[in-house]
Amino acid sequence: MAMAIPIPHRQLFIDGEWSEPLRGKRLPIINPATEESIGDIPAATVEDVELAVAAARRALTRNKGTDWARAPGAVRAKYLRAIAAKIIEKKSELALLESLDCGKPLDEAAWDMDDVAGCFEFYADLAEALDAKQRAPVSLPMQTFKCYILREPIGVVGLITPWNYPLLMAAWKVAPALAAGCTAVLKPSELSSMTCLELAQVCKEVALPPGVLNVVTGLGPEAGAPLASHPHVDKVAFTGSTETGKKIMTSAAQMVKPVSLELGGKSPIIVFEDVEVEKAVEWTLFGCFWTNGQICSATSRLLLHESIAEEFLGKLVTWAKNIKVSDPLEEGCRLGPVVSEGQYEKIKKFISTAKGEGATILCGGGRPQHLEKGYFVEPTIITNVETSMQIWREEIFGPVLCVKTFRTEEEAIELANDTHYGLAGAVISKDTERCQRISEMIQAGVIWVNCSQPCFCQAPWGGTKRSGFGRELGEWGLDNYLSVKQVTEYISDDPWGWYPSPSKL
């Protein structure tokens, strides 16, 4: 079952070289399925961040930028495609490391690696297309002037990524940042940094110019914070909790530094009475329990039409109990452990608070009986939920679904929007017009119709309200890392003639 694989012993990746953290600190890698330490990662501190930012700054300006920032997009595309090819070549090893590190089922980790490669390919194409878009003309109302637009890399970017999709969330930022001509310092989550360090190894193998991508692993306060507040970092892109997002925005504000934030969610899934029940049940489960329930866009609030509630919940429970919860490397695993002991305790507290507030644990709620070790939480469904309850209001980030019924479409929309978050929303119904209406009415950045959670790197991703702002993926993802410059030229042979000429006096 557990394929033996040596856990690579890596250092920080700065200026194209492996370098030991200056204070020599390291952090253990805990396998959440066994609770055992399987290796360690370097722990950067402020001094290491200084070196990484300086390396990125040099890479940006080397040879007046012609090596990278001002190189033709086609040159950068070549590296991005080489990275994609290496990811595919190492797919099974990377998927295994991902699984061991963050606990996601091996099948999902393998799927992630395909998506990582696809993301680098997609932005390679966009990097190439960028050259043709330069100097796009702007039509002006005065014939005596002409104007065009330059799109330039924003500069050195700090990329801070979460532990639920360790390599994929890094790719969502690294690929467009590099495509745009930026240089970057990537700070992955200390809870799962292994595959991001392997991305550094891939960069070495494809001979990415030194300093273009630097990878510093370590704790948020010790490595993430100094990166976000660094005066030579031109932009910070962050995916993670709303609380950390607020801190990053605050520290970036001191330098008037732009940020893009992809934060938490408490997304609704609205199921109407006209659905095919089994299909809707599966999407409802997938929308909340995939990635071990640790998805910012999880549709973790089920809004169910009262006329089908009893039948639907009965089937939902039967399906939920049928989900294979096991070591993520086991064949057919569909729910692994949550990422860490800290998250495990937090989720258990959410469930006990819900009980205490009078909600009903319809199924799950504990640890699976057959697993003595590991941070496993059964797929949990909670009913009799009031909108004032913590379970309804706060993001849990675990395999926990809460349910409320509704009578009318208006009521469903009101319940759906009754949240500080606005990342995603889903609607399941056979009525096309109703689905369209609801897609317009839900306050969120991503809406799914008759499904939940599909994600394609061609389409924009991001939220509203406290789920953050800015859009990743698609062409919007590239725009995130570009600065727009207007160039306007006076083309008349006549003098401007605003001031009387002294020679004519």
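These legends accompany an overview and several close-up views of a predicted model of one protein chain.

**Figure 1. Overview of the protein chain, with 15 helices and 22 strands.** The radius of gyration is 25 Å, close to the 23 Å that the globule rule gives for 505 residues, so the chain is as compact as a globular protein of that length. The C-alpha trace spans about 90 × 55 × 40 Å along its principal axes. Of the 505 residues, 55% are buried. Contacts often bridge long stretches of sequence: among those between residues at least 6 apart, 72% join residues at least 24 apart.

**Figure 2. Surface and charges of the protein chain.** The accessible surface comes to about 21,400 Å². Carbon and sulfur atoms account for 54% of that surface. The chain carries 51 positive and 64 negative charges. The mean positions of these two sets are 5 Å apart.

**Figure 3. Close-up of arginine 70, in the loop between helix 1 and helix 2.** Helix 1 covers residues 46–61, and helix 2 covers residues 73–89. Arginine 70 counts as exposed because its relative accessibility is 58%, over the 50% cut-off. Leaving out residues up to four places away in sequence, arginine 70 touches Lys64, Gly65 and Glu152. A second residue, alanine 117, gives a sense of scale. Arginine 70 and alanine 117 are 47 residues apart in sequence. In space, their C-alpha atoms are 24 Å apart.

**Figure 4. Close-up of glutamate 152, a contact of arginine 70.** Glutamate 152 sits in strand 6, which runs over residues 145–153. Its relative accessibility is 17%, under the 20% cut-off, so glutamate 152 counts as buried. Arginine 70, its contact, is exposed. Neighbours within four places in sequence aside, glutamate 152 is also in contact with Tyr481, Leu482, Ser483 and Lys485.

**Figure 5. Close-up of cysteine 333 and cysteine 451, in a chain with zero disulfides.** A disulfide requires two cysteine sulfur atoms within 2.5 Å. Cysteine 333 is in no disulfide. Its nearest cysteine sulfur belongs to cysteine 102 and is 11 Å away. Cysteine 451 is in no disulfide either. For cysteine 451, the nearest cysteine sulfur is that of cysteine 435, at 10 Å. Cysteine 333 has a relative accessibility of 1% and counts as buried. Cysteine 451 is buried too, with a relative accessible area of 13%.

**Figure 6. Close-up of phenylalanine 397, a residue with positive phi.** Phenylalanine 397 is not a glycine, yet its phi is about 60°. It lies in the loop between helix 12 and strand 16. Helix 12 spans residues 390–393, and strand 16 spans residues 400–406. Phenylalanine 397 has a relative accessible area of 17%, so it is buried.

**Figure 7. Close-up of leucine 473, another residue other than glycine with positive phi.** Phi of leucine 473 is near 65°. Leucine 473 is placed in the loop between strand 21 and helix 15. Strand 21 comprises residues 468–469, and helix 15 comprises residues 474–479. Leucine 473 is buried, and its relative accessible area is 0%.

Definitions and conventions. Residues are numbered from 1 along each chain as its sequence is written. This is a predicted model: local features need pLDDT of at least 70, side-chain atom pairs count only at pLDDT 80 or more; totals for chains, interfaces and linings use all residues. Side-chain values use heavy atoms; hydrogens and water are left out. Helices (H or I, at least four residues) and strands (E, at least two) are DSSP runs, numbered from the N terminus. The radius of gyration is taken over C-alpha atoms; the globule rule is 2.2 Å times the number of residues to the power 0.38. Buried means under 20% relative accessible area, exposed over 50%, partly exposed in between (1.4 Å probe, protein chains only). Contact means heavy atoms within 4.5 Å. Accessible areas come from the Shrake-Rupley method with a 1.4 Å probe; for residues, only the protein chains shown count as cover. Lys and Arg count as positive and Asp and Glu as negative; His and the chain ends are not counted. The place of a charge is taken as NZ of Lys, CZ of Arg, CG of Asp or CD of Glu.
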